[in-house]
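The report that follows describes a two-part reading of one model, beginning with a turn and moving outward from there.

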Amino acid sequence: MKLNHPVTDREVLMKPGTILVTRTNLKGIITYANDAFIEISGFSKDELVGANHNMVRHPDMPPAAFEDLWNCLKAGRPWTAPVKNRTKTGDYYWVEANVTPVFKNGKVQEYLSVRYAPSREQIQQAESLYEKLNANKATIRPTGINALIKKLLELGLWKKVGIIYLIFLLPTINSIYDHYIEQKYPEMFLFLGLAGFASILGYSVIRSVVKALENSIRISYRMADEQFRNTIDLDRGDEIGDFYRALYGMQVKLNSDLAYSKQVASEAMRIKQALDNVQSCVMVANNDLDIIYMNKTVADMFQNAEADIRKQLPDFNASKLMGANIDQFHKKPAHQRGLLANLSSTFSSALVIGGRHMNIVANPVKNDENERIGIVVEWLDRTHEVKIEQEIASIVEAVKVGELSSRIEMADKQGFFETLSEGINELTDVIENVFRDVGSTMQSMASGDLTNRITSDYQGVYLNCKNDINTTIDKLNEIFGQVSESAHFINNSSQEIASGNNNLSQRAEQQAANLQQTAASMEELTSTVKNNADNAQQANAVANNARELAEKGGNVVKAAVSAMQEINESSNKIADIISVIDEIAFQTNLLALNASVEAARAGEQGRGFSVVATEVRNLAQRSATAARESKELIQTSVQKVRAGTEFVNETGKALNEIVAGVQKVGDIVAQIADASIEQSAGIGQVNQAVAQMDEITQQNAALAEEASAASVSMSDLSTNMVEMLAFFKTEKKSGQQKVVHQADSASVVRAEANRMASSPAVRQPSSFKQTSQADDEWQDF
Amino acid sequence: MTADLESNQHVEQFLTFELEGEAYGIEILKVQEIRGWEPIRKIPNTPDFVKGALNLRGSIVPIVDLRERFQMQKVEYTPVTVVIVMSVNTASGTSVMGIVADAVSDVLDIKLSDIKEAPNLGSKINTQYMRGMFVGKKNMVMLLDVDKLLNPEEFVGIAVLAAIAEGK
């Protein structure tokens, strides 16, 4: 007998309601052990199956028991007894072992051992028995007289019946004999007949009973062999018929139950197999929250998680979960119990054990009567998933914050997560690519290189983005080209403006200087004008004087003229008179001529008359001459007077003219004075204006300075802009156009300044002219 | 009348008058009267040089303006302007006419021998009315033949001739 050591004194109790089942082959090698057995034995399935059954033997067990066991088994008979078994760790447990040979086709195939939890009395009895047995103070099988008695008691039915028949027969025979003796032949025959009939009946009864029993034994064995198609006579009436019917019923029921059980079992087995092999971790607990089923996955899961779970629950043992209570998972078992006790629908929760994330989904298991018989708990070790979740979350966070370089590890991923990780990696790749492209393009754009475009192929939004970016770059190229052009233009223009402003500023200064000179000149002019005014006043006075004198003279002249007029008149009168005389002379002449004519006509007689006429003519001529002379004289004097008059007239005129002239002069002088006043006023205004102009010119100069400064700054800015734009390499032309030489413009400005300086503004006109010249040049420039 | 007084030694008296500064002379015997200028009554439909007529003590005397007659420049009549009334011998008799002269000068006693012949200027120019020229002390006096000058029938002819002479 194999003695398994060491042993402890700890008793392990079978879980109530469980049965331990093992199958062994004919040699005692375990071919099958159910979970309960495995659990309680402490051994693993692998350790049990294929090992001899005696490995669980407890050394306290008497070898005789096992002897007995084997004797029975070899005899093809079942055996039952309480047995003390040893666990792997040396603890012991009592079982009520029921070992039976299993027949297949009439032959013993294997031995089936079903063990129940024994009652305490059984254990005590067994303990005492085995102690005795060990002390060789008792035997299992009754020996000696006990055996004999037992044997006698267990005689076969025939034998017993025979004996009983014989026993009953004796009084019958006795009575028959009595009857025979009493020659009650009818009663004797009756009894004989009855006895014989009864014997026959009895025999047939016994035979039928025994046959029935044997039949039933056979059927029972067959039924034990799972042969449920046994012909059973159902029509038989008596108890045997009842028994048959009961047997039949049992057969049928057993068949159907077995079939049902088989079906259910196979279904359950299928389902269990399925569940065993299902990826989900399924754990079933009974109403007391003992774990009654764990599928392979959950066992593996807990095995894997054991180390981690031990961090939190130091007593956790994955291999001992089967049959353990769920409470051990919880810190507050009562809470869970309360929750689960009232569970009527799905309850999901998540818990973290030892760093492992477990999701549990608990569902109540209800039997057909809708009574809760247990709870099925699906565990999901989401640790991996959580880890992956975290990985994915971290990747997503990374992507969210722009960290696109990390990828999810593909190595430890399968199935959905593999696909997901792959997908996320691909997504990240795509995003990375997109952003890399965009980034590189933007970078080159940021560094001014506008020739870089996104060339990779994309779709959808990325394609849109790519197109937009490329379009943007194109547009930027265009714009920068244009802006560059404009910038250059602005640069040039601003430089021109700067130089022009410089010019303007200088001109303004010049103008200011000129204005100052103008002001000075205006001052002089003012004084001059004042002088003029004074002089004009003086002239006015003098002119007035002159006028007065002239007027006086005019009066004198008038007097003279009038005198002359009078003279003239006198002369005229004289002339008239002389004319008269002349006429007279003329007439006289004519008369004398007439006289001469008459005289001539008269001839000789008229000679004396003609002499007289001649003389008269002479006289007339003399008087005519005298008159003529006088006339001439008078005419001369008249002429002279006239001349004189004319002179006087002229003088008068002249004086008048003088007066008029003086008047005019006076007026003019007055005008001059007024004009001088106005001039003064005007000059004052001009002064004001000049002062204003000066001010304004200074302001202008200042503004021009400002404008110059502004334009210089604009020029600088535009130069900056051009330089900045040079930073951008566009596709059309290099942005590095030459900035218009500031040296040139500066030189131009200097030239202008020189020009201005070379001809210093002296007097206004010249300077104005120069300014206008410069203006022309400015316009030309 | 003049014819019987004509002899080389005969002294004739000519009345000289002025016309356009030129001295002209006419026989004194022809002269009836010398008058001063008076307004003349115009007569229409007469040649221009016929100024008009004067009322001379009851007789109507036509006045001729020699200036116009000789196609000279017309001048204004001055108080010295005289009207020389002459009696003209015409075919029809003696008619009294007056001429307007600028002034009347002397009565000259001219010897007929001193009268120079008028120059012949061609047949076209009618110088019939010129009796001759007299060289005086100061100037040359053109002596006119009044009859031919103031012949009314010749007026037209003279005028025409004068016009021809003027080269019109």
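In the hairpin of E9(A) and E10(A), which residue takes a positive phi? The residue is A:Asn370, with phi near 65°, in a hairpin that has five residues between its strands. The model is predicted, so that local features need pLDDT of at least 70 and side-chain atom pairs count only at pLDDT 80 or more, while totals for chains, interfaces and linings use all residues. Residues are numbered from 1 along each chain as its sequence is written, and chains are lettered from A and ligands numbered from 1 in the order in which they are written. Helices (H or I, at least four residues) and strands (E, at least two) are DSSP runs numbered from the N terminus, and two strands pair if DSSP finds at least two bridges between them.

**Strand pairing**

The two strands of that hairpin, E9 (residues 356-366) and E10 of chain A, run antiparallel and are joined by nine bridges, with A:Lys366 standing opposite A:Arg372 in E10(A). E10 (residues 372-381) of chain A is also joined to E6(A), again in antiparallel fashion, and there A:Met283 has A:Val377 as its bridge partner. The antiparallel pairs described here, one of them in chain B, are listed below.

| Strand pair | Bridges |
|---|---|
| E9(A) and E10(A) | nine bridges |
| E6(A) and E10(A) | six bridges |
| E1(B) and E2(B) | six bridges |

**Helices of chain A**

H11 (residues 382-400) and H12 (residues 415-446) of chain A pack at an angle of about 10°, with their axes 11 Å apart; axes are lines fitted to C-alpha atoms, for helices over the stretch in contact, and angles run from 0 to 180 degrees between N-to-C directions. Because angles under 35 degrees count as roughly parallel, H11(A) is roughly parallel to H12(A). Among the residues that meet, in the sense that their C-beta atoms, placed from the backbone, lie within 7 Å, are A:Ile388 and A:Ile392 of H11(A) and A:Phe417 and A:Ile424 of H12(A).

In helix H8 (residues 239-277) of chain A the buried residues (20 or more other C-beta atoms within 10 Å of their own, all placed from the backbone) are A:Tyr244, A:Leu247, A:Gln251 and A:Leu275. These buried residues of H8(A) pack against helix H7 (185-224) and strand E6 (281-286) of chain A.

**Chain B and its side towards chain A**

Chain B has four helices and 11 strands, and of its 168 residues 38% count as buried. An open sheet of six strands, with mixed pairing, has the order E8-E1-E2-E11-E10-E9 in this chain. E8 and E9 (115-116) of chain B stand at its edges, each with a single partner strand, so one side of each is left without a neighbour in the sheet. Within the pairing of E1(B) and E2(B), B:Phe14 has B:Glu27 as its bridge partner in E2(B).

Between the chains, 14 residues of chain B are in contact with 10 residues of chain A. Strands E1 (11-19), E3 (31-36) and E8 (103-111) of chain B each supply at least two residues of the side that touches chain A, and the largest share, five residues, comes from E3(B).

Elsewhere in chain B, B:Arg57 is found in the loop between strand E4 (50-56) and strand E5 (59-65), and its phi is near 45°, a positive value in a residue other than glycine. B:Arg57 counts as exposed (12 or fewer such neighbours), because it has 7 C-beta neighbours inside 10 Å.

Note on methods: Contact = placed C-beta atoms within 7 Å. Parallel < 35°, antiparallel > 145°, perpendicular 65-115°, else oblique.
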